[in-house]
Amino acid sequence: MKPIYLLSLVAIYFCILLLISYFTGKNDTNETFFNANKKSPWYVVAFGMIGGSLSGVTFISVPGLVQSSQFSYMQIVIGYLFGYFVIAYVLIPIYYKLKITSIYEFLKQRFGTTSHKTGAFFFFISRILIASFRLFLMVSVLQYFIFDFWNVPFEITVIFSVLLIWIYTSKGGIKTIVWTDVFQTSLMLFAVFATIYIILNKLNWSVSNMFTSEEYHKYSKILFIDNFKDKKYILKSFLGGMFIAIAMTGLDQDMMQKNLTCKNTKEAQWNVVSLGFILIIVNFIFLILGALLFIYAQKFNISIPIVEGNVKTDLLFPEIALNNNLSTHIGIVFILGLIAAAYSSADSALTSLTTSFCIDFLDINNIEKSKQKYIRKKTHVLISILLIIIIIIFKYLLQDNVISSLLQVASYTYGPLLGLFSFGIFTTYVIKDKYVWIVAVLSVMVSYFTNAYSTNFLNGYIFGYELLIINGLLTFIGLYLIRKPNK
């Protein structure tokens with residue numbers, strides 16, 4: 001498919017986003033930007049959050065994961081569901097009761113200013129890195145299949161991509177995100193189903209043929225119960241998935257900011273629980289797509305792309321969709337699905353980072369009213385620039401499958417949040433607030449070295465996503481050690 005046609009699709013797509021932004025951003029106030037005036041219908045938020053939860057990483061990287069890990073990712077996804085129940089019935093009632101805009105305000109009320117800043121800092125680092133991961137993947141695809149044709153530098157592609165996000169989120173903020181997410185989720189799901197349909201036709205398979213074929217069964221193993229030391233072992237994956245959901249959704253301002261735009265606690269709970277069930281189905285469909293991509297590539301001798309000497313399974317989907325004359329239609333649906341998946345998470349990340357920085361670090365509500373909007377807009381610009389810088393750095397550092405890298409980072413940066421919130425909710429202890437940041441940093445450091453040398457000191461044991469639990473537990477223990485004595 002010619003690059004000019006792909007670029008035209010991207011342009012049309014953004015025109016639609018700008019149109020949605022125009023109607024949702026008319027009331028350019030901080031209240032609209034931060035919480036959509038608390039008027040979002042829960043079912044609209046739930047549907048839109050499918051795209052926000054999956055992102056461009058799922059769209060490309062989960063299918064690319066099938067070759068090395070088969071369907072083991074489903075063990076993690078089932079864990080997600082149990083995590084969503086914890087979010088719905090433990091965390092959401094607390095957030096609504098406190099009537100907070102940033103969820104890290106809970107830590108200030110529970111422990112003090114240092115805990116508040118520490119929690120907000122770890123969210124900021126987590127979300128800026130994860131948003132950058134996701135945008136890096138999307139920009140890499142646009143660069144490889146569109147902009148390299150005109151010798152446009154990668155750095156310019158990054159600036160162009162982030163600038164577009166800034167334009168359509170600068171006024172409506174989270175209110176715009178709620179409605180653009182609906183549009184983007186619809187496109188993403190359509191792209192996945194359409195791609196599966198097209199590949200099945202090319203393979204001359206029906207759905208039943210696929211499920212009974214030997215080729216499919218080579219990739220479709222879900223349960224890994226043989227080797228406890230393997231990072232794919234079922235218990236490790238399930239618990240890792242459960243706590244990743246709690247941390248990356250329930251303790252994440254990005255995801256919770258959308259939930260907090262619902263009218264009340266009950267509607268927010270319906271939103272979260274329904275999302276958990278839907279994600280099981282959707283992720284399974286993505287893994288089916290991954291199996292079909294590798295089956296198709298093997299049958300028609302399509303090589304997995306190699307970038308700077310590294311095999312990139314993340315790029316197999318775009319390679320088949322755009323460079324192998326499969327169908328013009330698949331090229332169209334792929335590009336639309338990719339940009340929808342990538343931007344549905346990146347735009348909300350930019351908005352939530354702006355919100356958290358304004359509320360948690362700048363204490364914007366206590367600044368003179370006439371200056372608040374200017375501060376919010378300036379922060380929005382500065383965080384956009386920071387995203388650009390980090391994405392460019394990733395070009396020279398990132399080598400692993402993107403979803404593996406993303407979840408590994410989450411294990412380190414969300415661990416202190418998991419420990420802080422758990423200690424705050426499930427104990428009544430008062431702590432020495434000024435030492436909290438030390439506890440959090442030490443927990444990350446110990447977790448990192450534990451993971452790095454686990455095979456040497458733990459008889460070959462390899463940590464998977466359960467590393468997040470270890471990190472959170474270390475923070476919990478550290479907080480217990482700095483508790484104040486009972487009077």
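Visitor: Hi! Where is Asp254 in this thing?
Guide: Asp254 sits in helix 12, which covers residues 253-259. Keep in mind that we're looking at a predicted model.

Visitor: Okay. Is Asp254 buried or exposed?
Guide: Asp254 is buried, because its relative accessible area is 1% and the cut-off for buried is under 20%.

Visitor: Which residues is Asp254 in contact with, leaving aside its neighbours within four places in sequence?
Guide: Those are Phe123, Arg127, Ser345, Ser348, Ala349 and Ser352.

Visitor: And what joins the side chains of Asp254 and Arg127?
Guide: That's a polar contact, with a distance of 3.5 Å.

Visitor: Let's change topic. Which residues form the nonpolar patch on the surface?
Guide: Here's the full list: Tyr435, Trp437, Ile438, Val441, Leu442, Met445, Tyr448, Phe449, Tyr453, Phe457 and Leu458. Together they have about 1100 Å² of accessible area.

Visitor: Which helix gives the most to that patch?
Guide: Helix 19, residues 436-452, does, with seven residues. Val441 is found in helix 19 too.

Visitor: Why does Val441 count as partly exposed?
Guide: Its relative accessibility is 35%. Buried means under 20% and exposed means over 50%, so a value in between gets the partly exposed label.

Visitor: What about Phe193, where does that one lie?
Guide: Phe193 lies in helix 8, which takes in residues 174-203. Phe193 is partly exposed as well, with a relative accessible area of 47%.

Visitor: How many residues apart in sequence are Phe193 and Asp433, and what about in space?
Guide: Phe193 and Asp433 are 240 residues apart in sequence. In space, they're 51 Å apart from C-alpha to C-alpha.

Visitor: Zooming out now, how many helices and strands does the protein chain have?
Guide: The secondary structure comes to 21 helices and two strands.

Visitor: What does its radius of gyration say about the chain?
Guide: The protein chain has 22 Å, which agrees with a compact globule, because one with 487 residues would come out near 23 Å. Along its principal axes, the C-alpha trace spans about 75 × 60 × 40 Å.

Visitor: How much of the chain do buried residues make up?
Guide: They make up 60% of the 487 residues.

Visitor: And what area does the chain expose?
Guide: The protein chain exposes about 19900 Å², and carbon and sulfur atoms supply 65% of that.

Visitor: One last thing: among contacts between residues at least 6 apart in sequence, how many join residues at least 24 apart?
Guide: In this protein chain, 84% of those contacts do.

Methods
Residues numbered from 1 in each chain as written. Predicted model: local features only at pLDDT ≥ 70, side-chain atom pairs only at ≥ 80, totals over all residues. Heavy atoms only, no water. Helix = DSSP H or I, 4+ residues; strand = E, 2+ residues; numbered from the N terminus. Buried < 20%, exposed > 50% of the residue type's maximum accessible area, 1.4 Å probe, protein only. Polar contact = N/O pair within 3.5 Å; in protein donor to acceptor, adjacent residues only side chain to side chain. Contact = heavy atoms within 4.5 Å. Patch = residues over 30% accessible without salt bridge, like charges linked within 9 Å, V, L, I, M, F, W, Y side chains within 5 Å. Areas by Shrake-Rupley, 256 points an atom, 1.4 Å probe, with all protein chains shown as cover. Salt bridge = Lys/Arg side-chain N within 4 Å of Asp/Glu carboxyl O. Rg over C-alpha atoms; globule rule 2.2 N^0.38 Å.
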